[in-house]
Amino acid sequence: MSVTISLTVNGKAVTTQVDTRTLLVQLIREQLQLTGTHVGCDTAQCGSCTVHLNGRAVKACSMLAIQAQGGDVRTIEGLAQDGQLHPMQAAFRQCHGLQCGFCTPGMVMSAVALLADNPQASEQEIREGLDGNFCRCTGYHNIVKSIQLCQSGKVGAPA
Ligand code: FES
Ligand code: FES
């Protein structure tokens with residue numbers, strides 16, 4: 001069955017038809033062509049599909065698009081503002097918090113939500129906060145450093 005839903009995606013109003021079985025990540029990637037949101041497992045394990053819904057990090061592979069009706073969705077494409085990387089994106093670049101980059105959009109979205117919830121998060125809390133996001137490349141150390149750099153407010157400052 002097809003239904004019409006309305007939501008906001010990266011600040012833009014979207015009204016579209018979806019099948020009631022359509023996943024939020026399918027709406028984002030296939031209908032809206034926002035392919036920065038990745039699908040790694042489709043079973044709510046890896047976190048590569050993480051986006052924000054009403055300011056909270058959610059796994060878009062484990063939600064129906066209709067559950068986002070009326071909501072405010074932000075994807076990795078919506079983080080940069082006025083041509084400037086979000087400080088978390090800049091911190092990942094500065095600390096080389098990525099290798100292949102597959103996990104990176106989900107990791108960055110989770111990291112932004114993590115610090116929004118807990119701006120003073122300790123290293124341990126950062127590591128625990130990322131337990132829903134898998135990275136097969138980095139060993140996580142530079143990801144944690146990236147988040148700590150963003151947390152310090154010193155992104156781009158001389159070392
Ligand atoms: S694709 Fe959603 S958690 Fe892996
Ligand atoms: S950078 Fe390759 S999976 Fe994380």
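# A guide through the predicted fold

Read from the start of the sequence to its end, the protein follows the pattern β-β-α-β-β-β-α-α-α-α. The radius of gyration is 16 Å, close to the 15 Å that the globule rule gives for 159 residues, so the protein is as compact as a globular protein of that length. The model is a predicted one. It contains 5 helices and 5 strands, and its C-alpha trace spans about 55 × 30 × 25 Å along the principal axes. Of the 159 residues, 44% count as buried. Among the contacts with a separation of 6 or more, 55% come from residues 24 or more positions apart.

The sheet is a suitable place to begin. Its 5 strands form an open sheet in the order S2-S1-S5-S3-S4, with mixed pairing. The edges are formed by S2 and by strand S4 (56-59), each of which pairs on one side only. On average, and with direction ignored, neighbouring strands of this sheet are turned by 40° against each other.

The pairings can be followed across the sheet, starting from S2. Strand S1 (residues 2-9) and strand S2 (residues 12-19) run antiparallel and are joined by 8 bridges. Within this pair, isoleucine 5 stands opposite threonine 16 in S2. The hairpin of S1 and S2 has 2 residues between the strands, and asparagine 10 takes a positive phi near 50° there. S1 is also joined to strand S5 (residues 72-74), by 2 bridges, and these two strands run parallel. One point of this pairing involves threonine 8, whose bridge partner in S5 is aspartate 72. S5 in turn pairs with strand S3 (residues 50-53) in the antiparallel sense, over 2 bridges. Here histidine 52 has arginine 74 in S5 as its bridge partner.

Helices are placed against this sheet. Helix H1 (residues 24-31) packs on the sheet and touches S1, S2, S3 and S5. The direction of H1 makes about 110° with that of S2. Helix H3 lies across S3, S4 and S5, and runs at about 40° to S3.

The interior may be considered next. In soluble globular proteins, nonpolar side chains tend to be buried together. The largest nonpolar core of this model has 23 residues, and those with the most contacts inside it are Met88, Phe92 and Ile147. The elements that give two or more residues to this core are helix H2 (87-94), helix H3 (104-117) and helix H5 (141-152). H3 gives the most, with 7 residues. Apart from this core lies another, of 20 residues, which includes Leu24, Cys49, Leu53 and Ala60.

Two residues allow a closer view of the surroundings of the largest core. Leaving aside neighbours within four places in sequence, methionine 88 is in contact with Val108, Ala111, Val112, Leu115, Ser146, Ile147 and Cys150. One of these, serine 146, is located in helix H5. Serine 146 counts as buried because its relative accessibility is 0%, and buried means under 20%. With neighbours within four places again left aside, serine 146 is in contact with Met88, Ala91, Phe92, Cys95 and Gly97.

Aspartate 117 offers a contrasting case. This residue is also placed in a helix, namely H3. At 56% relative accessibility, aspartate 117 counts as exposed, since the term applies over 50%. The C-alpha atom of aspartate 117 is separated by 8.9 Å from that of arginine 56, although the two residues are 61 residues apart along the chain.

The cysteines complete this account. A disulfide is a covalent bond between the sulfur atoms of two cysteines. In this model the count comes to 0 disulfides, as judged by whether a pair of cysteine sulfur atoms lies within 2.5 Å. Cysteine 46 has a relative accessible area of 13% and is therefore buried. Cysteine 61 likewise counts as buried, at 7% relative accessibility.

Notes:
Residues are numbered from 1 along each chain as its sequence is written. Chains are lettered from A and ligands numbered from 1 in the order in which they are written. This is a predicted model: local features need pLDDT of at least 70, side-chain atom pairs count only at pLDDT 80 or more; totals for chains, interfaces and linings use all residues. Side-chain values use heavy atoms; hydrogens and water are left out. A nonpolar core is a set of buried Ala, Val, Leu, Ile, Met, Phe, Trp, Tyr and Cys residues joined through side-chain atoms within 4.5 Å. Buried means under 20% relative accessible area, exposed over 50%, partly exposed in between (1.4 Å probe, protein chains only). Helices (H or I, at least four residues) and strands (E, at least two) are DSSP runs, numbered from the N terminus. Contact means heavy atoms within 4.5 Å. Two strands pair if DSSP finds at least two bridges between them. Axes are lines fitted to C-alpha atoms, for helices over the stretch in contact, and angles run from 0 to 180 degrees between N-to-C directions. The radius of gyration is taken over C-alpha atoms; the globule rule is 2.2 Å times the number of residues to the power 0.38.
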